[in-house]
Amino acid sequence: MTQQEDQQEELAERRAAVAELGAAVRALTDAAVVSEVDDATLRSVAAAVAELVPSLTAARRERHERPATDPPGSGHRWYNPVIGAGNPMAPPVHVELVDGRAVGTCVLGLAYEGPRGYVHGGISALLLDQILGHAHGASGRPGMTISLSLRYRGPVPLNTPLRITGWLGESDPGRPSDADDHGDDRQPSHAIGTISTADEPDSVLVEARGKFIVPNRKQVQRIFGGEDFAR
Ligand SMILES: CCCCCCCCCC(=O)SCCNC(=O)CCNC(=O)[C@H](O)C(C)(C)COP(=O)(O)OP(=O)(O)OC[C@H]1O[C@@H](n2cnc3c(N)ncnc32)[C@H](O)[C@@H]1OP(=O)(O)O
């Protein structure tokens with residue numbers, strides 16, 4: 001086996017272990033928010049869970065440090081709060097590119113509740129921001145959201161397969177003088193997205209419009225210390 005194959009195998013093993021913990025803690029979160037057991041049981045589970053924390057934080061990363069799951073160049077975010085298998089907060093949404101559109105699927109449990117039985121509006125915004133980001137990144141230049149507006153047309157049901165779709169709209173006219181100054185393409189992209197149930201994909205429950213930019217070199221330096229932020 002070559003050194004590169006060795007590293008790939010190690011990475012796959014690490015990601016699998018991280019995903020396993022993510023799924024277990026996600027199940028714990030789901031159990032915690034649906035549970036109606038007695039107070040003594042809640043307290044004994046809380047104590048048992050608190051005891052587990054030090055075994056995880058014995059080796060930890062800090063802000064700006066890459067996790068072992070996301071080596072430079074991989075383009076992965078294993079702990080992303082929407083799609084990351086390793087993040088218990090993520091449903092996680094499974095995203096595919098279909099004919100240039102980003103299509104996400106997930107089921108949201110009671111941990112994501114806003115109005116009783118329905119998804120919290122902030123969670124819908126989170127999912128749409130991510131899916132619009134995928135639609136923008138599909139062109140090969142991942143960016144950052146500079147504006148996001150939503151229209152909530154109907155409540156999004158919990159415990160129901162959902163479909164989140166994002167695509168690119170028309171771009172703003174360019175800013176040639178800025179492009180000269182920064183050496184970058186300064187045209188924000190417009191992205192559009194929707195949430196519907198998987199059973200009724202044409203019945204739009206939430207609609208989003210966002211604007212994305214590709215940070216120029218100076219911005220990447222200022223915000224991320226020069227590291228290629230998307231890789
Ligand atoms: C495949 C991968 C999938 C990944 C999906 C992930 C999705 C998640 C996406 C996110 O959530 S990103 C996180 C949320 N967004 C941010 O945190 C961005 C915060 N905003 C900023 O840091 C600054 O506003 C920014 C660096 C974007 C710009 O600040 P600057 O001080 O450099 O520019 P300025 O504010 O002076 O901008 C002047 C104008 O140029 C525009 N502009 C600035 N930089 C630009 C640029 N690089 N390209 C095009 N236009 C640009 C800017 O929008 C503005 O337009 P308007 O006058 O129309 O408002």
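The following questions and answers introduce a predicted model of one chain and its ligand.

Q: What is the mean pLDDT of the chain?
A: The model is predicted, and its overall scores are ipTM 0.94 and pTM 0.93. Of the residues in the chain, 94% reach a pLDDT of 70 or more. The mean pLDDT of the chain is 92.

Q: Over which residues is the pLDDT below 50?
A: Where pLDDT is low, predicted coordinates should not be read in detail. One stretch of this chain calls for that caution, and it has five contacts in the model beyond near neighbours in sequence. The stretch with pLDDT below 50 covers residues 176-180.

Q: In what order do the elements of the chain run from the N terminus on?
A: The chain has five helices and six strands. Its C-alpha trace spans about 65 × 50 × 35 Å along the principal axes. From the N terminus on, the elements run α-α-β-β-α-β-β-α-β-β-α.

Q: What distance separates the centres of domain 1 and domain 2?
A: The chain is divided into domain 1, residues 1-63, and domain 2, residues 78-231. Their contact takes 10 residues from domain 1 and eight residues from domain 2. On the side of domain 1 that touches domain 2, there are five nonpolar, two polar and three charged residues. Taken over C-alpha atoms, the distance between the two centres is 26 Å.

Q: Which element gives the most residues to the shell around the ligand?
A: The ligand is surrounded by 18 residues, and the closest are Gly133, Gly137, Met144, Arg186 and Ile213. Two or more residues of the shell come from each of α3 (121-137), β3 (144-152) and α5 (217-224). By class, the shell holds eight nonpolar, seven polar and three charged residues. The element that gives the most, with five residues, is α3.

Q: Why does α5 lie largely in the open?
A: The helix α5 has eight residues. It lies largely in the open because the number of those residues that are buried is zero.

Q: Which residues does the UniProt annotation "domain: Thioesterase" cover?
A: The annotation comes from an unreviewed UniProt entry. Over the annotated range, the chain is 33% helix and 33% strand, and the end C-alpha atoms lie 31 Å apart. The residues covered are 117-168.

Q: Is arginine 116 buried or exposed?
A: Arginine 116 is found in the loop between β2 (101-107) and α3. Its C-alpha atom is 9.4 Å from that of proline 157, a residue 41 positions apart from it in sequence. A residue with 12 or fewer C-beta neighbours within 10 Å counts as exposed. Arginine 116 has 8 such neighbours and is therefore exposed.

Q: What is the omega of the cis peptide bond that joins proline 91 and proline 92?
A: Proline 92 is found in the loop between α2 (39-57) and β1 (94-98). The cis peptide bond joins this residue to proline 91, and its omega is about -15°.

Q: What is the phi of aspartate 99?
A: Aspartate 99 is found in the loop between β1 and β2. With 6 C-beta neighbours inside 10 Å, aspartate 99 counts as exposed. Although this residue is not a glycine, its phi is positive, at about 50°.

Q: Where is histidine 64 found?
A: Histidine 64 is exposed, as 8 other C-beta atoms lie within 10 Å. Its phi is positive, near 80°, in a residue other than glycine. Histidine 64 is found in the loop between α2 and β1.

Definitions and conventions. Residues numbered from 1 in each chain as written. Predicted model: local features only at pLDDT ≥ 70, side-chain atom pairs only at ≥ 80, totals over all residues. UniProt positions renumbered as here; feature names shortened; annotations may be inferred. Helix = DSSP H or I, 4+ residues; strand = E, 2+ residues; numbered from the N terminus. Near = placed C-beta within 6 Å. Nonpolar A, V, L, I, M, F, W, Y, C, P; charged D, E, K, R; others polar. pLDDT = per-residue confidence, 0-100. Contact = placed C-beta atoms within 7 Å. Domains from an automatic or database assignment. Buried ≥ 20, exposed ≤ 12 C-beta atoms within 10 Å, placed from the backbone.
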